[in-house]
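Me: I should like to go through some local features of this protein model, one question at a time. Please reason briefly before giving each result.

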Amino acid sequence: MEAQKKTYNDAKEKIAELKRQMEKVHEEMKRREEEKKWKTTRTWIGGWVWGDIVLTEEEVRRYEEADRESLMKLTSLRVKIAKEETEFGRMGDYPSQWEEWERQDIIRQREESALKSKKERRKKDDLEEARKKAAQEQREKERKAKEAAEQEQRERERKAREAAEKLREAARKAREAAEKARKDREEAEAQAWAEEVWKSQEKAQRAREERRKRAQEAKRAQEAQRAQEERRKKAEEENAKAWAEYWRREEADNRQREAQEERRKKEEERRKKEEEAERFRKAEEIQEKQYQEYIRGRERAREEARKKARQETHVPNLNEQPDKKTPTHEGLEEFLERMAKQYHQRRQQQQQQEQQGQQQEQQQEQQQEQQQEQQQEQQQDQRAKGNPGPSRGAQTRRPRRTPNPSSSSSQPQTACSHQEYWSKINIASEDCTGCNKNFKSFIFECPGCQTRTCASCRDRLKGKTTTPKARNNGRRAGGAK
């Protein structure tokens, strides 16, 4: 029961909190409207007139952004209140403690409304008092300004009356003496005034001429600057086009050189693989000869044993010379063990040589990458400085890869019999080392010497003789397309 009551009160409190937030947002919008109205209202002060004050663009933008944020908050709060009221409506079927909850909610709403009305009254009183204080200060300013203006007007009138009285007295005293010279003075004043007007007109004419000359000079300077700017832009565009064409040619040359280098590498690899296959074939022939020698020696040993058996029963022939003992007289197991040791030793030597060759190739590639990075940085520095690019003949080309001494044909290579199980490897595109045909799905690799060939070359290296019909129904082996 307590849990249900707590859930009910929490939901109700949440809805009330959201509504209070909406009221705060409304109050903020109302406060901004009053502030905006107060700023755009002008009162009567002295000789001023009634009118509206236009706010600055920054203030207008600030008020618009604040109103937009308030509207977004109101929309979000309305959605939340609708969701909470929907959830709260589902709690209406709680039968127990319903009247008590309603009574407590009414009490809480009364307290909140009383507190809210109290805050509104306090806020309204504060605003009214501030407005009254501002009006009183405004009236005080107007009264002081009016009194100062009246005092100044009275002082000016008094001084004017005194000056007029003095002038009348001086005029009365000097009228008789001044009447004689009045015409001469008037003529002199007229002449002086005419000269002054002529001088002022001449000065104004000179000033207009100077302004016109300065305007023409400024116009010519502006036109010259505009023409210079256009020439500079045109030169920059031509320079950029020249650089773009230069780098395009350089990239094409680099791609062509890379393609040539790639073809040369492939040709070199194919040639090395052919030499390696030839060496393997010769090694197989040597092993075959050794095995045949072993067979012949075993037969001779058997023949010698038969001769010894016959000599036990017959008189030996003193003129007959015994056969020389050959290395093939040793047993089959000892021969196989010796050949296995030799094979493993050659295999280890080959692996060591391959590792050394790979390390040297990696070092050379790292050096080449460092050189290329240095060249690129130099080119970028030249671009940034605006220097013209180097001539095509002075371009730095890639250093040629030095051949690996460990993989040279002068080194002794171990022989592979190719009789182990060849693994099938999925590929995208690769050439057969035997027939140089291109295959795009799979290829076979020898586990002993890592030679990659198609099925036909694999069978040929193993010594098998199969017809194309007996394999894949005449389709090309190795997945060629």
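Me: At what distance does a polar contact join the side chains of Arg 32 and Ser 70?

Reply: This is a predicted model, and the value is computed from its atoms. Arg 32 is placed in helix H1, residues 2–39. Apart from neighbours within four places in sequence, Arg 32 is in contact with Tyr 63, Ala 66, Asp 67 and Ser 70. For the side chains of Arg 32 and Ser 70, the polar contact is 2.5 Å.

Me: Which residue offers a backbone oxygen to the side chain of Arg 32?

Reply: A polar contact requires N or O atoms within 3.5 Å. The side chain of Arg 32 reaches one backbone oxygen at 3.3 Å, and that oxygen belongs to Ala 66.

Me: Is Arg 32 buried or exposed?

Reply: Residues under 20% relative accessible area count as buried. Arg 32 has a relative accessibility of 10%, and therefore Arg 32 is buried.

Me: Which strands are the edge strands of the open sheet E1-E4-E5?

Reply: The sheet has three strands in the order E1-E4-E5, with antiparallel pairing. Four bridges join E1 to E4, while two join E4 to E5. Each edge strand pairs on one side only, and these are E1 (423–426) and E5 (452–453).

Me: What is the bridge partner of Phe 444 in E5?

Reply: Strand E4 covers residues 442–445 and runs antiparallel to E5. Towards E1, Phe 444 is the bridge partner of Lys 424. In E5, the partner of Phe 444 is Thr 453.

Me: Which residues of E4 point the other way from Phe 442 and Phe 444?

Reply: In a regular strand, side chains alternate between the two faces of the sheet. In E4, Phe 442 and Phe 444 point one way, and all four residues concerned are buried. Those pointing the other way are Ile 443 and Glu 445.

Me: Which residue in the turn of the E4 and E5 hairpin has a positive phi?

Reply: Most residues other than glycine have a negative phi. The hairpin has six residues between its strands. One residue in this loop between E4 and E5 is partly exposed, with a relative accessible area of 37%. The residue with a positive phi of about 60 degrees is Gln 450.

Me: Is His 418 buried or exposed?

Reply: His 418 lies in the loop between helix H4 (332–385) and E1. The phi of His 418 is positive, near 60 degrees, in a residue other than glycine. Because its relative accessibility is 2%, His 418 counts as buried.

Technical notes:
Residues are numbered from 1 along each chain as its sequence is written. This is a predicted model: local features need pLDDT of at least 70, side-chain atom pairs count only at pLDDT 80 or more; totals for chains, interfaces and linings use all residues. Side-chain values use heavy atoms; hydrogens and water are left out. Buried means under 20% relative accessible area, exposed over 50%, partly exposed in between (1.4 Å probe, protein chains only). A polar contact is a pair of N or O atoms within 3.5 Å; within protein, one must be able to donate a hydrogen and the other to accept it, and residues adjacent in sequence count only if both atoms are side-chain atoms. Contact means heavy atoms within 4.5 Å. Two strands pair if DSSP finds at least two bridges between them.
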